[in-house]
Amino acid sequence: LAPINFELYKDSHPTTYISTKVCHVGDNLDRYLMGRQFMVIFIAFCINMAGAPVGGAELWGLPQWIIDVFLVTGFAMILFTCMIGQLATQVNASHCMLDYINTYFAVFTFYTAMAIEFSGLMHVSYFIQKCVGWAAGKPIQSNEPPKSAVQAAFFWFRVVLSAVVLGFSLAVTLEGLFTGNTTMWNGVPNAVAVILFFLLMSVVGLLEGMQIAFFAVAKLKKSERGNAPFAMKTCELLFRGDGHNLPGFMIGRQLCVVSCFFIIARVTSLNVEPGNGNNIFGVSDAAQTFFNMGFLGAVITTILGSITWQLVASAFPLAFLSNPLVYVFLRICLFLEATGIASGAWVLAGLHKRVAGFQRDEVYIGTAEEREAKDLGDQKEVEHALAKLPGFTTMPEALIKLMSQDPSVKEFVRSMSANNIDVNVGDLQEHIKGLQLQNEEKV
């Protein structure tokens, strides 16, 4: 909804407007996404704690092998969470955005995510982002004015705080793993649990980065997708035919990611009984109870297993696709989707849509062409897409208007942004005025 003019829906969807009028200003969308990522992972950890079976559990007199496959391994809980909690809602939200977030619960969720980001727990990710941008030779541009001295000091204080929290979380989790004090399945050696922890974090990170890299190259010409063998093979498979493999990958990826989240939750969630003198690092019983909640594992997974990989893939999408493992996991995700194991999400989405009365966004705001005809076109989409134009903090209004009128100007500015050309602002503004005069003379 970011490119859509607020005037088109603020009366028909006033509750949606409460969220979007804040979310689509400055860098707030990025802030929300960071807080939201932590919420998703932490909720997965909580579901694992709530639904994990107790030892020797029985159900409906089913054979033990069925209990082991579906209950003990958590497979049933993974499918339940994936289809009801994620895929079904994503299907409806992708086409019915206005109706879907037109509730006060959505407003509550948005502001909760913003509060999590404001707390600074994830702020070390911003430092990683700046490092990645520096390594890529692409300084990170903001959609907001430069920070004041006080704002900058508060920002870097939260970065340091986040780094300390991350380091402490890793220390506590690794201590629990090496001493066998986690909820890991019985019989798994401690060393194997540690290896599994880092392996699954890498798999989650790879899948998160794949999603970013795939969408980054989706609009590129075939000739612009590089000549690395595995990058070419990956793109050929992903965009084959009518492009159905991209949504197919998203479904298979969701199954893989949720599975990894639940296993990581088992690996990292501590299982130390407070009051027995075995508390990690000798902390108080209250602190140990807090550790057992899985909060520390969620922090580690969010920063090291999700956001960091997304930032790397965003900065180096073609290099990321050149990794042979990307092609392997693309095949795995497509296979999982082809099995139909998550196809129930489509049925659940249809039922939810009918009960809730969702309608496609075009019913309320029309298509992009219809909005343009009403002089309410998606101008903000241009500004957002080119927010990193060298030499500008925000896109000049005159340039935005001119780009909407002359496609050649739009392509010219896009090429400068893509190639990170150092542009003299004064010269470019004079060039803009010249092009405007030419257009006026044509009229």
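**Figure 1. A cysteine tucked away: Cys-256 in a predicted model.** With a relative accessibility of 13%, Cys-256 counts as buried. Keep in mind while you look around that this is a predicted model. Which cysteine has the sulfur closest to that of Cys-256? It's Cys-333, and the two sulfurs sit 4.1 Å apart, too far for a bond. A disulfide is a covalent bond between the sulfur atoms of two cysteines. To be counted here, a pair of cysteine sulfurs has to lie within 2.5 Å, so Cys-256 and Cys-333 don't make the cut at 4.1 Å. By that rule, the count of disulfides comes to zero.

**Figure 2. Another hidden cysteine, Cys-23.** Is Cys-23 buried or exposed? Cys-23 is buried, because its relative accessible area is 8% and the cut-off for buried is under 20%. Zooming out to the whole protein, buried residues make up 40% of the 443 residues.

**Figure 3. A nonpolar patch on the surface.** Five names to find here: Phe-80, Ile-84, Val-347, Leu-348 and Leu-351 form a nonpolar patch, and together they have about 480 Å² of accessible area. Two helices, H4 (75-95) and H16 (344-356), each chip in at least two of the patch residues. Which helix gives the most? That's H16, with three residues.

**Figure 4. Zooming in on Ile-84.** This member of the patch has its place in helix H4. Ile-84 is partly exposed, since its relative accessible area is 43%, a value between the 20% and 50% cut-offs. For the wider setting, the protein exposes about 23400 Å², and carbon and sulfur atoms supply 63% of that.

**Figure 5. Where the prediction is confident, and where it isn't.** The average pLDDT of the protein is 78, and 80% of the residues score at least 70. Among the elements, helix H6 (residues 104-119) has the highest mean pLDDT, 93, while helix H19 (residues 379-385) has the lowest, 40. Over residues 379-394 the pLDDT stays under 50, and the model gives this stretch 44 contacts beyond four places in sequence. Residues 418-425 are also below 50, with 10 contacts beyond near neighbours in sequence.

**Figure 6. Helices and the contacts of the whole chain.** How many helices and strands does the protein have? There are 22 helices and zero strands. Now take the contacts between residues at least 6 apart in sequence: 80% of them join residues at least 24 apart.

How values were computed
Residues are numbered from 1 along each chain as its sequence is written. This is a predicted model: local features need pLDDT of at least 70, side-chain atom pairs count only at pLDDT 80 or more; totals for chains, interfaces and linings use all residues. Side-chain values use heavy atoms; hydrogens and water are left out. Patches are made of residues with over 30% relative accessible area and no salt bridge: like charges are joined within 9 Å, nonpolar side chains (Val, Leu, Ile, Met, Phe, Trp, Tyr) within 5 Å. Accessible areas come from the Shrake-Rupley method with a 1.4 Å probe; for residues, only the protein chains shown count as cover. A salt bridge is a side-chain nitrogen of Lys or Arg within 4 Å of a carboxyl oxygen of Asp or Glu. Helices (H or I, at least four residues) and strands (E, at least two) are DSSP runs, numbered from the N terminus. Buried means under 20% relative accessible area, exposed over 50%, partly exposed in between (1.4 Å probe, protein chains only). pLDDT is the predictor's confidence in each residue, from 0 to 100. Contact means heavy atoms within 4.5 Å.
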